[in-house]
Every structure is written in structure tokens, then in C-alpha cells.
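Here are some short exercises to work through with the model open beside you. Try each task on your own before reading the solution.

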Amino acid sequence: MTTAQAKKVFIETYGCQMNVYDTELIKSILISNQFGLTNSETEADIVMLNTCSVRDNANRKIQNRVHEIKHAKKDTLIGVLGCMATNFKTDLLENKSFPIDFIAGPDSYKTLPSLINSLLTTGNQQYDVTLSEFETYSDIQPTRQDGVNAWIAIMRGCNNFCTFCVVPYTRGRERSRNPQNIVEEVKQLVKDGYKQVTLLGQNVNSYRYEQYDFTDLMKMVSDVEGIERIRYTSPHPKDYPIKLLEVMKERHNICNQIHMPLQAGNDRVLHKMNRTYGKQEFLDLVSQIKTIIPNIAISTDIIVGFPTETETEFLDTYDVMENVQFDSAFIFKYSERPNTRAAQKFPDDVSEDDKKSRVIRLNDLQNTMSLKKNQALIGTTQAVLIEALATKKSSNEVQGRTDCNRIVILPKQNQELGQTLPCLITDATRNVLKGSV
Ligand code: SF4
């Protein structure tokens, strides 16, 4: 057998930003162990699928993908990483029609080189899905993509156990990185030319390291000279102390944007989801946020058709959306995720037609609100950070973002990547603004 170090690895990433970040960590681990990386699946000796359990039919999609890869090239070694690895370890290893060679869970990426070596030496399937209470990968510098934004995972895991979510089981308990170590990373990113950092965590504002909480960390990151914009995702509504909002208001380099998952607007459904807040508490929090930071942009996530949700209860969600006037929203139909408490205890009993109709009504409402909010910006001047020197549609346009995270398309002149320019907003659709410098 050849040694692992002579092998070329292709990594395919599914799911959330945390997985994209983990792929950056995995690349660094592989490079420092003398593996080669390739962007071509056909050139690869090893394909790693960094998976997600959140989307519909995730398991079936990965099974199909594994068969496709093996069909294209029989001797390719296939590894399943990420949330599905933990969640489906036994299924994967016992299902003979599922020809995978190794499995590594989100806390086991440092063992990948030795797993692959053992696989090559013994020819036996290998796995490590141990969940750690300590692993934060703070000693690994991710192999980042070029651009103006760098993601930094400041904490991992989740203690909240929302009944529809598999993350606490696949990624383990919350643990946070040393703030000094995060600050050093931000300083290095500034030196490397990044203009914006996005602090990342499954439950980002639950960050706690010794006496430091999330507000303390935000202040420390904001104090780093040269960092122009700071964002964070995804927070939980239960962790929004006034002092955090005050810091966001005071610091010019912390963006006026909050992504705050509502999930549902009815108290009984929220309780069944184990979200630990009710409709009025959410509305009170939003009103507090808007009082402290009046020009804040708030986006959200919503699940419709959670088990037993009635039409009347759904209308509470509609009511909260109308009341809050979110800037944008990601609206999903509920579907069971294996191994969650909801899947085990609550039959998925809302009809597909009802779920579809609820998604359509919320999307219609959100589209109207987003368009109205974007149109209200026509004629204003916004600071736009240039993040791409072409758009998907044209090489004669550049793309940037406002502080509130709205996409702005500008005619191409001599803008440079990473510049922040004052732009006059001249037109708006529900998804983008158009402007001129
Ligand atoms: S807060 Fe809830 S939805 Fe978010 S990761 Fe934790 S359990 Fe999942």
C-alpha cells in the first residue's frame, strides 16, 4: 500500500457555515501531515464528504453521492465527516451497500491522518466519532479562502436541546475558545488583509471562557486595530443582555445586524420546541433592540408545521413577523430529523399541504416587507464594503454589502476588493440594492 502522505484529497462540504469553517480546519490538518489537496474529484485518491444532518433526506443524498463516487472510480477511498458521521455511525459501518472507508465526527478531525494510515495499513474501515468537552481547534489556523471576510469559530457545540435539532447530539456540549487566542487570530487576519470577521458558533452568544462572556469578547475583538466590520452568527434569543446591545451601539465596527431565530410565534409550539421563550418575550426583546439600536437589521429563521401546530397557532407566527418587520427570513417546512427528541416523541402530523401553504404565506409576507425596506433606502448613501469584482450576471458590475448586510450592485469602475465606499442607492428589489459610487 502507498502511504497516506502520497494521497490527494478532495473535500465536498454540505450544510452550514460551521461546516465550511471545519473544512478549512481539515485542510490545514491534512496539509501539515503532508497530504495533497485537489479541487478535482477525478484526480483525488480520497474523497471526504463533510456532511450535514439538517436538510431533508440528508442520509439518502449522501448515500447516492457515495455510490456515484465509487461508480466513477472504484479505488477512491471515501470518508464521511461532520454531523452525519456521528449521527449515523452504526448505519454507515453496518450497511454493506454503503461503501465508505472511514468516518470522523466534528471533534475528531485531528485523528484523520492516523485514521487514513490505519485504513491503508489494515484495509479495515476506521472511525472516530468521540465527542470532546474540550476540543476547540484553537491551535489550528484554518486554510481560508481569499476574500474580505474571515470566519472564526469562537465556540463549538450546544447545550440547548431544541427538540427539532440534532446539533447537541452530533456536536456535543458547548465549549469556548480563549479570548486572547481569538484576538491574536483577528490581529493576524488584519495583517493578512481581511476587512471583516464573522464570529461563529452554534450558539454564539452563549460564549463563555472563565470570566469572559460574549460582550467582553466583542469589545476585545472590536478593539483590534484595523478590523473594519464584525458580525456574528447564530445567536439564541435567550442570550441578549442589554450590555451586549449597548456595546453594539457604541462600537462603529460592530455591524448593525442581528440574525435572531424566531422558529415559531406561538407559546405552546415554542414550548414544545424547547425554545425557552414565548411570543411576548421575543417581541419585548425586539422592541428593546430597536430602542437601543434604531437602525438595526434583524433577520430570522422560522419552522412551519411543527408537530401539532394548528392554523390558529401558525397565525401567531404570522403576527410576530408582521409586528417585527424582519429584514429577511429563512422559512422552512418542518421535517423530522433522525435521533431528535421531536422525531422520537411527536408524530409529524401536519399535512404537507398545510405546511406548503404556511411557507407560501410567510414568504409572501416577507417578500413584501423586504421590498418595502429596500425601497426605503433609495436616495440614501450607504457605506458599501466591496466583496466581489464581478457578479454572477455580469463582469461589468461589482458587488458589496452595507453594514446591515444588504447586497449592493454597482457599475464597475476602478473599485478594489476590500474598499469601503460611500454609495448612493438608486434602485431596489427585494433581494438587492443597486447604487452608484
Ligand atoms: S440552539 Fe437549538 S437550534 Fe440552535 S444548535 Fe442549539 S439545539 Fe440546535
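Accessible areas here come from the Shrake-Rupley method with a 1.4 Å probe. By that method, the accessible surface of the chain comes to about 19,400 Å², and 49% of it belongs to carbon and sulfur atoms. Keep in mind that this is a predicted model.

**Exercise 1. The overall build**

Task: Describe the secondary structure of the chain and judge how compact the chain is for its length.

Solution:
- Step 1. Start with the secondary structure: the chain has 14 helices and 21 strands.
- Step 2. Turn to the radius of gyration, which is 23 Å, close to the 22 Å that the globule rule gives for 437 residues, so the chain is as compact as a globular protein of that length.
- Step 3. Add the extents: the C-alpha trace spans about 65 × 55 × 50 Å along its principal axes.
- Step 4. Look at burial and contacts. Of the 437 residues, 54% count as buried. Among contacts between residues at least 6 apart in sequence, 73% join residues at least 24 apart.

**Exercise 2. Around the ligand**

Task: Find which residues are around the ligand and sort them by character.

Solution:
- Step 1. Collect the residues: C158, N160, F161, C162, F164, C165, V167, P168, Q202, H236 and R275 surround the ligand.
- Step 2. Sort this shell, and you get 7 nonpolar, 3 polar and 1 charged.

**Exercise 3. The two faces of helix 9**

Task: Work out which residues of helix 9 are buried, and what covers them.

Solution:
- Step 1. Along helix 9 (residues 242–250), the buried residues are L244, L245, V247 and M248.
- Step 2. These residues cover an arc of only 160° around the axis, which puts them on the same side of helix 9.
- Step 3. On the face turned away from that buried side, you will find the exposed residues K249 and E250.
- Step 4. The cover over the buried residues includes helix 8 (214–222), strand 13 (229–233), strand 14 (257–259) and helix 11 (279–292).

**Exercise 4. Backbone details in the loops**

Task: Locate Y137 and T308, and decide whether each is buried or exposed to some degree.

Solution:
- Step 1. Y137 sits in the loop between strand 6 and strand 7. Its phi is near 60°, a positive value in a residue other than glycine.
- Step 2. With a relative accessible area of 0%, Y137 is buried.
- Step 3. T136 belongs to the loop between strand 6 (126–128) and strand 7 (149–153). T136 counts as buried at 12% relative accessibility, the cut-off being under 20%.
- Step 4. Beyond residues up to four places away in sequence, T136 touches R156, R175, S176 and R177.
- Step 5. T308 lies in the loop between strand 15 (297–304) and helix 12 (311–324). Its phi is also positive, about 75°, although T308 is not a glycine.
- Step 6. T308 counts as partly exposed, at 28% relative accessibility.
- Step 7. For one more backbone feature, go to the peptide bond from T233 to S234, which is cis with omega near -10°. S234 is in the loop between strand 13 and helix 9.

**Exercise 5. A residue in helix 1**

Task: Find out what I26 contacts and how far I26 is from L112 in space.

Solution:
- Step 1. I26 is in helix 1 (residues 17–32), and I26 is buried, with a relative accessible area of 0%.
- Step 2. Leave aside the neighbours within four places in sequence, and I26 contacts I11, M48, N50, L81, Y109 and L112.
- Step 3. I26 and L112 are 86 residues apart in sequence, and their C-alpha atoms are 8.4 Å apart in space.

Technical notes
Residues are numbered from 1 along each chain as its sequence is written. This is a predicted model: local features need pLDDT of at least 70, side-chain atom pairs count only at pLDDT 80 or more; totals for chains, interfaces and linings use all residues. Side-chain values use heavy atoms; hydrogens and water are left out. A residue is near a molecule or strand if one of its heavy atoms lies within 4 Å of it. Ala, Val, Leu, Ile, Met, Phe, Trp, Tyr, Cys and Pro count as nonpolar, Asp, Glu, Lys and Arg as charged, and the others, Gly among them, as polar. Buried means under 20% relative accessible area, exposed over 50%, partly exposed in between (1.4 Å probe, protein chains only). Helices (H or I, at least four residues) and strands (E, at least two) are DSSP runs, numbered from the N terminus. The arc is that of the directions from the helix axis to the C-beta atoms. Contact means heavy atoms within 4.5 Å. The radius of gyration is taken over C-alpha atoms; the globule rule is 2.2 Å times the number of residues to the power 0.38.
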